[in-house]
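Reader: Please take one part of this model and go through it closely, with the helices and loops that frame it. I would like the reasoning spelled out wherever a cut-off decides the matter.

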Amino acid sequence: MKLLTQDKFVNKLSLANPIHFLALGFGSGKAAKAPGTFGTLAAVPLVLLMQQLSLTNYLIITCISMLVGIYICGKAARDMGVHDHGAIVWDEVVGLMITMIAAPLGYMWLVLGFVLFRFFDIVKPWPIRWLDAKVHGGFGIMIDDVLAGVFSLIGVQLAVYYL
């Protein structure tokens, strides 16, 4: 069983290139199976570190990561020659950052956020699926995961309120 993909498009990217390194979610996007899940998993340590910051700083870093992600994902897609290849997982990293905005500390909340984000990212209910199909380029790669993150954020906050 191969742990890393041998995909010819992914092999066009180099982890030595900082843009590719980020687009591949610190290398997690090279997973042979479920790169989106591994990309989300790679975001966990980053989110844990960010949760120690003030809400303002957390939001600033998340917004910058989202805006820079438009370029990162678009550039990686162009370098690969494939739009929104599954190995490009920076959008999943940002999606989990969004999911965990103002979430309480604790692994229960992180697991809930992770599961909700993966659910919305995989199932892609409307309008996520529509955005995924209709919007292209770096913005298109990012926007469906941003919205999946917003849906997941709402789910986490509802759980915080009601539990």
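Author: Helices are DSSP runs of H or I with at least four residues, numbered from the N terminus, and a loop is placed here by the helices on either side of it. The model is predicted.

Start with the loop between H3 and helix H4 (90–99), where Asp-84 lies. Asp-84 has a positive phi of about 50°, although this residue is not a glycine. Its relative accessible area is 22%, and Asp-84 is therefore partly exposed, because the buried class ends under 20%. A second case of this backbone feature is Ala-102, also not a glycine, with a positive phi of about 60°. Ala-102 sits in the loop between H4 and H5.

The part to look at closely is the loop between H5 and H6, where Pro-127 is found. Trp-126 and Pro-127 are joined there by a cis peptide bond, with omega at about 5°. The charged residues around this loop deserve a slower reading. Side chains of opposite charge can pair when their charged atoms come close. With the limit at 4 Å between a Lys or Arg side-chain nitrogen and an Asp or Glu carboxyl oxygen, the model has four salt bridges.

Lys-124 takes part in a salt bridge with Asp-144, at 3.1 Å from N to O. This pair ties together distant parts of the chain: Lys-124 belongs to the loop between helix H5 (107–123) and helix H6 (128–134), while Asp-144 belongs to helix H7 (residues 137–162), and 20 residues separate the two. Lys-124 also forms a salt bridge with Asp-121, and here the closest N and O atoms are 3.2 Å apart. Arg-118, Asp-121, Lys-124 and Asp-144 are linked in a network of salt bridges.

Are the partners of this network buried or exposed? Asp-121 and Lys-124 are buried. Lys-124 counts as buried because its relative accessibility is 14%, under the 20% limit. Asp-144, at 1% relative accessibility, therefore counts as buried too.

A salt bridge elsewhere gives a point of reference. Asp-79 and Lys-75 meet through their side chains at 2.9 Å, N to O. These two residues lie in helix H3 (residues 55–80), four residues apart, or about one turn of the helix. Asp-79 has a relative accessible area of 26%, so it is partly exposed. Lys-75, at 25% relative accessibility, is therefore partly exposed as well.

Arg-118 leads from the network to the packing of H5 against H2. Two packed helices are described by the angle between their axes and the distance between the axes. The axes of H2 and H5 come within 11 Å and cross at roughly 150°. H2 and H5 are therefore roughly antiparallel, because angles over 145 degrees fall in that class. The crossing of H2 past H5 is right-handed. On the H2 side, the contact is made by Gly-36, Thr-37, Thr-40, Leu-41, Val-44, Val-47 and Leu-48; on the H5 side, by Tyr-107, Leu-110, Phe-114, Phe-117 and Arg-118.

Val-44 is one residue of that contact and is found in helix H2 (residues 35–50). With a relative accessible area of 15%, Val-44 is buried. Apart from neighbours within four places in sequence, Val-44 is in contact with Leu-96, Leu-110 and Phe-114. Val-44 and Phe-119 are 75 residues apart in sequence, and their C-alpha atoms are 16 Å apart in space.

The cysteines remain. A disulfide needs two cysteine sulfur atoms within 2.5 Å, and the count by this rule is zero. The sulfur of Cys-63 is 16 Å from the closest cysteine sulfur, that of Cys-73, and is therefore too far away for a bond. Cys-73 in turn is in no disulfide. Cys-63 is partly exposed because its relative accessibility is 40%, whereas Cys-73 counts as buried because its value is 0%.

Terms used. Residues are numbered from 1 along each chain as its sequence is written. This is a predicted model: local features need pLDDT of at least 70, side-chain atom pairs count only at pLDDT 80 or more; totals for chains, interfaces and linings use all residues. Side-chain values use heavy atoms; hydrogens and water are left out. Buried means under 20% relative accessible area, exposed over 50%, partly exposed in between (1.4 Å probe, protein chains only). Contact means heavy atoms within 4.5 Å. Axes are lines fitted to C-alpha atoms, for helices over the stretch in contact, and angles run from 0 to 180 degrees between N-to-C directions. Angles under 35 degrees count as roughly parallel, over 145 as roughly antiparallel, 65 to 115 as roughly perpendicular and the rest as oblique. A crossing is left-handed if the near helix is turned anticlockwise from the far one by less than a right angle, and right-handed if clockwise.
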